[in-house]
Amino acid sequence: MIRLVMLASCSWLSLGVIGQVKDSTAHRARGLKNNNIFQFFRNSITKGTPDSVTNTAALNTKSESPFQPFEGKVIRHIFIRGYGFEQTFTDTSRRLQYFGTRLLNQLHRKTRDWVIRNNLFIKENTPVNAFRLADNERLIRNLNFIQDARILVSPLSNDSVDVVVVVKDLFSIGGAIGSLGYPPFSFRGNVSEANFLGMGQRVQLGINAEQNRDPNIGPQFLYSKTNIGGPLST
């Protein structure tokens with residue numbers, strides 16, 4: 001419910017400030033003005049088809065294919081890079097900057113690097129395994145606080161590479177109203193943060209209130225964390 005309210009508000013506000021959209025070229029800026037802003041915000045707050053797999057080339061390519069040319073080369077360094085809500089995977093030079101994206105970025109704490117590293121089953125100073133990289137990219141993309149993810153391999157020499165893990169968060173503040181009645185008065189609702197302080201941990205606070213029950217009010221607290229054991233083993 002809270003996410004839907006934010007989506008509607010940001011989309012409405014975007015109509016008045018769409019002329020403020022910035023881009024690297026005038027041609028791209030004109031194209032951005034015609035974008036469906038409502039769709040952009042829906043993608044920021046709900047799980048859907050990630051940007052990185054919507055183009056035709058990605059759909060027709062096996063997930064391990066981009067990594068196969070580097071098979072067996074040694075991973076020297078692993079870097080983590082987080083995108084803001086104004087960036088997309090389809091065109092990294094394009095930035096959709098106006099009130100809506102600034103608001104989302106202000107309200108949201110980016111996922112911390114160590115959270116992403118805890119979900120890697122690739123390590124530095126080990127050889128590239130194309131299937132493992134593809135599986136790892138898919139796992140990160142499926143985390144409930146990640147909207148999209150890509151793993152990029154950059155060659156350093158004939159026998160070594162660097163790996164860059166690029167992630168874009170899902171806007172993680174949400175909430176729901178389960179029931180609302182009168183008379184007798186009843187109310188159920190909650191507010192949740194699926195990526196509390198960027199640590200990949202879910203915190204949910206709720207309340208149940210019913211006039212005909214004793215006690216009338218019951219609080220709710222939920223905490224969850226994925227991958228409790230730390231970095232995934234190889």
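Read from the N terminus onward, the chain follows the pattern α-α-α-α-β-α-α-α-β-β-β-β-β-β. It holds seven helices and seven strands, where helices (H or I, at least four residues) and strands (E, at least two) are DSSP runs numbered from the N terminus. The model is predicted, so that local features need pLDDT of at least 70 and side-chain atom pairs count only at pLDDT 80 or more, whereas totals for chains, interfaces and linings use all residues. Residues are numbered from 1 along each chain as its sequence is written, and side-chain values use heavy atoms, with hydrogens and water left out.

Of the 234 residues of the chain, 38% count as buried; buried denotes under 20% relative accessible area, exposed over 50%, and partly exposed the range in between (1.4 Å probe, protein chains only). Among contacts (heavy atoms within 4.5 Å) with a separation of 6 or more, 62% join residues 24 or more positions apart.

The structure contains one aromatic pair. Phe85 and Phe171 form this pair in an edge-to-face arrangement, at 6.1 Å centre to centre and with 65° between the planes. Rings of Phe, Tyr and Trp (its six-membered ring) are paired if their centres lie within 6.5 Å, and planes under 30 degrees apart count as stacked, over 60 as edge-to-face and the rest as tilted. Phe85 is placed in the loop between β1 (74–83) and α5 (99–107) and Phe171 in the loop between β3 (160–169) and β4 (173–181), so the pair ties together parts that are 86 residues apart in sequence. Phe85 is buried, at 2% relative accessibility, and Phe171 is likewise buried, at 1%.

Strand β1 also contains Phe79, which is partly exposed at 41% relative accessibility. Beyond its neighbours within four places in sequence, Phe79 is in contact with Arg117, Asp162, Val163, Val164 and Val165. The C-alpha atoms of Phe79 and Arg117 are separated by 9.3 Å, with their positions 38 residues apart along the chain.

A search of the whole structure finds one cavity of 30 Å³ or more. On a 1 Å grid over the protein atoms alone, a cavity is a set of points where a 1.4 Å probe fits but cannot get out, and lining residues have an atom within 4 Å of a point. The largest cavity has a volume of about 60 Å³, a volume being the space filled by probe spheres set on the points, which are joined across faces, edges and corners. Its lining includes Trp114, Phe145, Met199, Gly200 and Lys225, and the lining residues comprise four nonpolar, five polar and one charged. In this division, Ala, Val, Leu, Ile, Met, Phe, Trp, Tyr, Cys and Pro count as nonpolar, Asp, Glu, Lys and Arg as charged, and the others, Gly among them, as polar.

Trp114, one of the lining residues, belongs to helix α6 (residues 113–117) and is partly exposed, with a relative accessible area of 38%. Trp114 and Gly200 are 86 residues apart in sequence and 9.8 Å apart in space, C-alpha to C-alpha. Outside its neighbours within four places in sequence, Trp114 is in contact with Met199 and Gln201.

Ser192 lies in strand β5 (residues 186–193) and is buried, with a relative accessible area of 7%. Its side chain makes a polar contact with the side chain of Arg202 (3.3 Å); such a contact is a pair of N or O atoms within 3.5 Å, of which, within protein, one must be able to donate a hydrogen and the other to accept it, and residues adjacent in sequence count only if both atoms are side-chain atoms. Apart from neighbours within four places in sequence, the residues in contact with Ser192 include Ser172, Ile173, Arg202 and Val203.

Conventions: 1 Å grid on protein atoms, 1.4 Å probe; cavity = no way out; pocket = protein on both sides within 12 Å on 5 of 7 lines; lining within 4 Å.
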